[in-house]
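The following exercises concern salt bridges, helix packing and model confidence. Please work through each task before reading its solution.

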Amino acid sequence: MLEFLERRIIQKGSGIPINMHWYGGEPLLKPKAMRLITDLMLARFPEHDITSTITTNGTLVDDAALRILKDSNTKVAQVTVDGTERTHNEIRYLKNTRAPTYQTVLSNIERLSTIMRVVVRYNWNMDHGLEPIGEYYHNLHDRFGGNDNIEFYVIPTAANSISCGSFFKLAQNKEQAALLAKFIETDFKCRKSHGLPVKSMGYDVFNCSANIEGNIVVSFNGDLYSCVSSVGKREAKIGNIEIGLNGTHQIFRDNLPIDDECLACEFLLSCGGGCRYYAATENNDIHSKHCNKKRSEIIVRENYLKIFENEIAAF
């Protein structure tokens with residue numbers, strides 16, 4: 001892996017900043033691997049500014065983990081929770097003892113905040129309903145409201161935890177679209193009532209990590225992908241750390257061709273021209289057109305534009 005990274009870094013030029021993102025699964029389950037990678041990176045690339053970020057469930061933050069994160073110059077930790085203490089503990093408990101983890105996670109968020117910025121993310125599922133959102137903000141504001149190193153927000157996620165960040169893809173029908181509209185309205189009101197910035201916290205209409213320059217996802221077996229959503233899908237593999245990139249990386253990064261029908265579509269800005277990954281997996285052709293107009297009509301026309309009006313009014 002280091003040899004692959006070295007080749008990529010040489011291509012980009014000496015002195016470029018390097019950011020490592022500890023991601024899983026749960027990265028803190030493998031502290032020795034984190035220590036090994038950190039030490040190797042620092043030894044191999046001493047002339048580069050090396051920083052890291054981590055996404056963690058927050059249950060394994062002990063003194064040893066804090067030392068590793070500090071040594072790897074970790075600047076930001078994203079800690080995921082599942083709403084209120086009740087909703088969180090229903091699905092997030094220790095495997096062997098079934099002990100609840102909510103209070104442990106909150107305590108570890110405070111520990112992390114002593115050495116880095118911590119972003120707490122509530123992965124809200126439509127099955128939760130809207131009531132836990134207000135309780136989540138109330139509880140975290142009471143506990144962390146005076147800590148400038150901690151921020152918290154809510155983001156809707158699908159049951160299968162898709163990660164491409166395209167908000168409108170979560171709704172499968174008009175009822176779900178209406179619930180998502182109510183979600184944003186509720187989220188704005190809760191943030192405003194607790195004196196938090198009233199702004200969109202991740203519900204972009206179109207957002208694709210494959211379009212980020214230099215972004216490559218390394219799977220557990222060394223295979224390479226353009227985005228987290230595509231990991232494990234043979235059609236989306238762009239290489240391996242031993243052999244390098246296979247030539248399809250730029251194809252996944254490039255937008256699909258936009259034809260005259262796309263240019264005339266009122267939803268072009270909401271879909272970005274389609275997704276190569278979905279073209280490959282749903283159409284079996286990475287170069288084919290992947291149109292989301294029907295779903296865009298449900299979200300954008302009937303609810304999303306109303307929400308943007310409310311967002312503007314909130315300022």
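**Exercise 1.** Classify Arg 143 as buried, partly exposed or exposed, and determine which residue is its salt-bridge partner.

*Solution.*
Step 1. In this predicted model, the relative accessibility of Arg 143 is 31%. Buried requires under 20% and exposed requires over 50%, so Arg 143 counts as partly exposed.
Step 2. The salt-bridge partner of Arg 143 is Glu 110, with 3.3 Å between the closest N and O atoms. This distance satisfies the criterion of within 4 Å.
Step 3. Arg 143 belongs to helix H6 (residues 131–144) and Glu 110 to helix H5, so the salt bridge ties together parts that are 33 residues apart in sequence.
Step 4. Glu 110 has a relative accessible area of 32% and is likewise partly exposed.

**Exercise 2.** Describe how H5 and H6 pack: at what angle, and with what distance between their axes?

*Solution.*
Step 1. The angle between H5 and H6 is about 40 degrees, and their axes are 12 Å apart.
Step 2. Angles under 35 degrees would count as roughly parallel, and 65 to 115 as roughly perpendicular. H5 and H6 are therefore oblique to each other.
Step 3. The crossing of H5 and H6 is right-handed.
Step 4. On the H5 side, the contact is made by Tyr 102, Gln 103, Leu 106, Ser 107, Ile 109 and Glu 110. On the H6 side, the contributors are Asn 139, Leu 140, Arg 143 and Phe 144. Both salt-bridge partners, Arg 143 and Glu 110, thus appear in the helix contact.

**Exercise 3.** Examine the salt bridge between Asp 82 and Arg 92. Are its two residues buried or exposed?

*Solution.*
Step 1. The closest N and O atoms of Asp 82 and Arg 92 are 2.9 Å apart.
Step 2. Asp 82 is in the loop between strand S3 (74–81) and helix H4 (85–91), whereas Arg 92 is in the loop between H4 and helix H5 (102–112). The two residues are 10 residues apart, and the pair links distant parts of the chain.
Step 3. Asp 82 and Arg 92 are both buried.

**Exercise 4.** Why are Arg 35 and Asp 39 separated by about one helical turn? State also which residues share a salt-bridge network with one another.

*Solution.*
Step 1. Arg 35 and Asp 39 form a salt bridge, their closest N and O atoms being 3.7 Å apart.
Step 2. Both residues lie in helix H2 (residues 31–44); because they are four residues apart there, about one helical turn separates them.
Step 3. Arg 35 is partly exposed at 26% relative accessibility, and Asp 39 is partly exposed at 39%.
Step 4. A network of salt bridges links Arg 35, Asp 39 and Asp 71. The count of salt bridges in the model comes to eight.

**Exercise 5.** Which element has the highest mean pLDDT, and which the lowest?

*Solution.*
Step 1. For the protein chain, the mean pLDDT is 79, and 78% of its residues reach 70 or more.
Step 2. Among the elements, H5 has the highest mean pLDDT (97), while helix H12 (residues 293–314) has the lowest (56).
Step 3. Residues 159–166 have pLDDT below 50; this stretch has 15 contacts beyond near neighbours in sequence. Residues 200–206 stay under 50, with 32 contacts beyond four places in sequence.
Step 4. Where pLDDT is low, the predicted coordinates should not be read in detail.

Technical notes: Residues numbered from 1 in each chain as written. Predicted model: local features only at pLDDT ≥ 70, side-chain atom pairs only at ≥ 80, totals over all residues. Heavy atoms only, no water. Salt bridge = Lys/Arg side-chain N within 4 Å of Asp/Glu carboxyl O. Buried < 20%, exposed > 50% of the residue type's maximum accessible area, 1.4 Å probe, protein only. pLDDT = per-residue confidence, 0-100. Contact = heavy atoms within 4.5 Å. Axes fitted to C-alpha atoms, helices over the stretch in contact; angles between N-to-C directions. Parallel < 35°, antiparallel > 145°, perpendicular 65-115°, else oblique. Left-handed = near helix turned anticlockwise from the far one by under 90°.
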